[in-house]
Amino acid sequence: MGKSYDVLVIGGGTAGVTAATTARRHYRDKRVLLIRQEERTLIPCGIPYMFGTLKDPMQNLNPDYVLENRGIEILIGQVTRIDRKAKEVILSTGEKIKYSKLVLATGSIPALPPIPGIDKENVFCIKKDLNHLTKILKVLETAKRVVIVGGGFIGVELAEVIRKHKGLDVTIVEILPYCLYACFDEEVCLEVENELTSLGVRIITEQRVQQLTGENKVQSVRLDDGSELPADMVLVTTGVYPSTSLAQEAGLALGPTGGILVDRTMATSDPDIFACGDCTYKVSFFAGNPVRIMLASVAATEARVAGANLFVRRRTNSGAVGVFSTVIGTKAFGCAGLTERAAEEKGYEVLIGEASAPNRHPSALPNTQNTMVKLVFDRYTGVLLGGQVVGSESIGELVNLLSACLLHRMTVTQMATFQMGTHPMLTPAPAAYPLVLAAEAAATENL
């Protein structure tokens, strides 16, 4: 007879680890097993920094003691099939493992556009796989000209790191009007691009890659306007799609965006199977409409809901807010919720508030940097819809504060009277706190 576990988690990424540890916290008497294909797993958001910022790519590995110290067993193997009737999974070795509750955290797969020549040598997507990334790093050692297809977060972070630490000729090709245009309004995108160009990164927008040319190895990137960019290496960072083959073969329902369909408790169409992370269908916190927000932070939230709900329904998922942050050049950028453009596209009439102030007071203190805040409110209800922040590294937590304001549906008046703690070395001055001043600007727009 095969092994049997109370909780079986498939997937060793952020969602899988978080689901397993959450299950352990809530159900201490249950046996928990996590199955993953990789011998070692990567910290996904740290992948761009393996290309130069980290001295050793091995520094970006997740430690297994997070699981082992909690009594969670780990099995390295590949699940090839789920038998829902028998409540067991079958591994590639033929081994069968029974479960009481199953969590699917199978992640995502790079979405490769149908570009002729994309299969040539030295053309790479970015996978959460150490061997794959090691191969890219090896090719990067002899490359001189790198073209990055896609100006999202991974694309711009790779461009910065490669340019700064390797000194190579780097070009970003983005089909949208600006890099990071899916998450920021135009004025913030321009600041991002200014930081990149000041580092020597070339940016080409509103152009589609028509073909990758060369015999066996890529030699150039041909664009829609007929121009060609010489390239020794091409990195394709055009997004990902849910990895759902196991779920599909098991007959689980999928959502309209292709992810595994889950309810607010993260249960699938089978009440004994839960799913979380990139492999799941997601809805917006704001209107409940389908969204394609695939973030490690969202995966962790969903996993904390799934892991807690396995045997008793304790939590619900309120939907994806969308909280992003990055550092490019000398500035940090963050956003939460809807941009002004996205809010108007969804039919909102908006109130906008903007403010900026030094991040320390007095501004003569060393290492002072300006902090800019832009807030977007629903004009009729006054409820916050989104915000964007530009400044020093401290804005990483400021944008998380914005997320809390969004989740609690705070109004423009509540934010204008927000009580904050300040310190000369840590924050802007209390009278000039940009989050509050931006809300005050919006609140008094029509006075």
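This is a guided tour of a predicted model, moving from the whole chain to a series of single places worth selecting.

**The whole chain**

Begin with the full chain in cartoon view, where the secondary structure comes to 11 helices and 24 strands. Taken along the principal axes, the C-alpha atoms fill a box of roughly 70 × 55 × 40 Å. The radius of gyration is 23 Å, which agrees with the value near 22 Å that a compact globule of 447 residues would have. If you switch to a surface view, the accessible surface comes to about 20,100 Å², and 50% of that area belongs to carbon and sulfur atoms. Of the 447 residues, 51% count as buried, and among contacts with a separation of 6 or more, 64% are between residues 24 or more positions apart. Colouring by charge brings up 45 positive and 47 negative charges, whose mean positions are 8 Å apart.

**Helix H3 and what covers it**

Select residues 130-140 next, which make up helix H3, and show the side chains of its buried residues, namely Leu130, His132, Leu133, Ile136, Leu137, Val139 and Leu140. An α-helix has 3.6 residues a turn, so residues three or four places apart point the same way. To see what lies over the buried residues of H3, add strand S8 (123-125), strand S9 (145-149), helix H4 (153-166) and strand S15 (233-236), which are included in their cover. Then move to the N-terminal end of H3, where aspartate 129 acts as a cap, with a side-chain oxygen 3.2 Å from the backbone nitrogen of asparagine 131.

**Arginine 31**

Go now to arginine 31, in the loop between helix H1 (14-26) and strand S2 (32-36). Is this residue buried, partly exposed or exposed? Its relative accessibility is 40%, and arginine 31 therefore counts as partly exposed. Apart from its neighbours within four places in sequence, arginine 31 is in contact with Ser4, Tyr5, Asp6, Val7 and Glu73. Follow the side chain of arginine 31 and you will find that it reaches the backbone oxygen of serine 4 at 3.1 Å. For a sense of distance across the model, pick serine 243 as well: serine 243 and arginine 31 are 212 residues apart in sequence, and their C-alpha atoms are 26 Å apart in space.

**Asparagine 309**

The next selection is asparagine 309, in the loop between helix H7 (296-308) and strand S20 (323-328). Asparagine 309 has a relative accessible area of 0% and is therefore buried. Which backbone atom of arginine 314 does the side chain of asparagine 309 reach? It is the backbone nitrogen, at 2.6 Å, while the backbone oxygen of arginine 315 is reached by the side chain of asparagine 309 at 2.7 Å. When residues up to four places away in sequence are set aside, asparagine 309 touches Tyr27, Thr265, Phe274, Arg314 and Arg315. Of these, threonine 265 is 44 residues from asparagine 309 in sequence, with the two C-alpha atoms 6.7 Å apart in space.

**The loop between H6 and S17**

Select methionine 266, which is placed in the loop between helix H6 (245-249) and strand S17 (273-275). Methionine 266 has a positive phi of about 75° although it is not a glycine, and with a relative accessible area of 1% this residue is buried. Aspartate 270 lies in the loop between H6 and S17 as well, and at 9% relative accessibility aspartate 270 counts as buried. A polar atom of the aspartate 270 side chain lies 2.9 Å from the backbone nitrogen of aspartate 272. Not counting residues up to four places away in sequence, aspartate 270 touches Arg84 and Leu252.

**Two further backbone features**

Move on to proline 362, in the loop between strand S22 (350-358) and strand S23 (370-378). The peptide bond that joins histidine 361 and proline 362 is cis, with an omega of about 5°.

Finish at arginine 409, which is found in the loop between helix H9 (395-407) and helix H10 (412-416). Arginine 409 has a positive phi of about 50° although it is not a glycine, and at 45% relative accessibility arginine 409 counts as partly exposed.

Terms used: Residues are numbered from 1 along each chain as its sequence is written. This is a predicted model: local features need pLDDT of at least 70, side-chain atom pairs count only at pLDDT 80 or more; totals for chains, interfaces and linings use all residues. Side-chain values use heavy atoms; hydrogens and water are left out. Helices (H or I, at least four residues) and strands (E, at least two) are DSSP runs, numbered from the N terminus. The radius of gyration is taken over C-alpha atoms; the globule rule is 2.2 Å times the number of residues to the power 0.38. Buried means under 20% relative accessible area, exposed over 50%, partly exposed in between (1.4 Å probe, protein chains only). Contact means heavy atoms within 4.5 Å. Accessible areas come from the Shrake-Rupley method with a 1.4 Å probe; for residues, only the protein chains shown count as cover. Lys and Arg count as positive and Asp and Glu as negative; His and the chain ends are not counted. The place of a charge is taken as NZ of Lys, CZ of Arg, CG of Asp or CD of Glu. A polar contact is a pair of N or O atoms within 3.5 Å; within protein, one must be able to donate a hydrogen and the other to accept it, and residues adjacent in sequence count only if both atoms are side-chain atoms.
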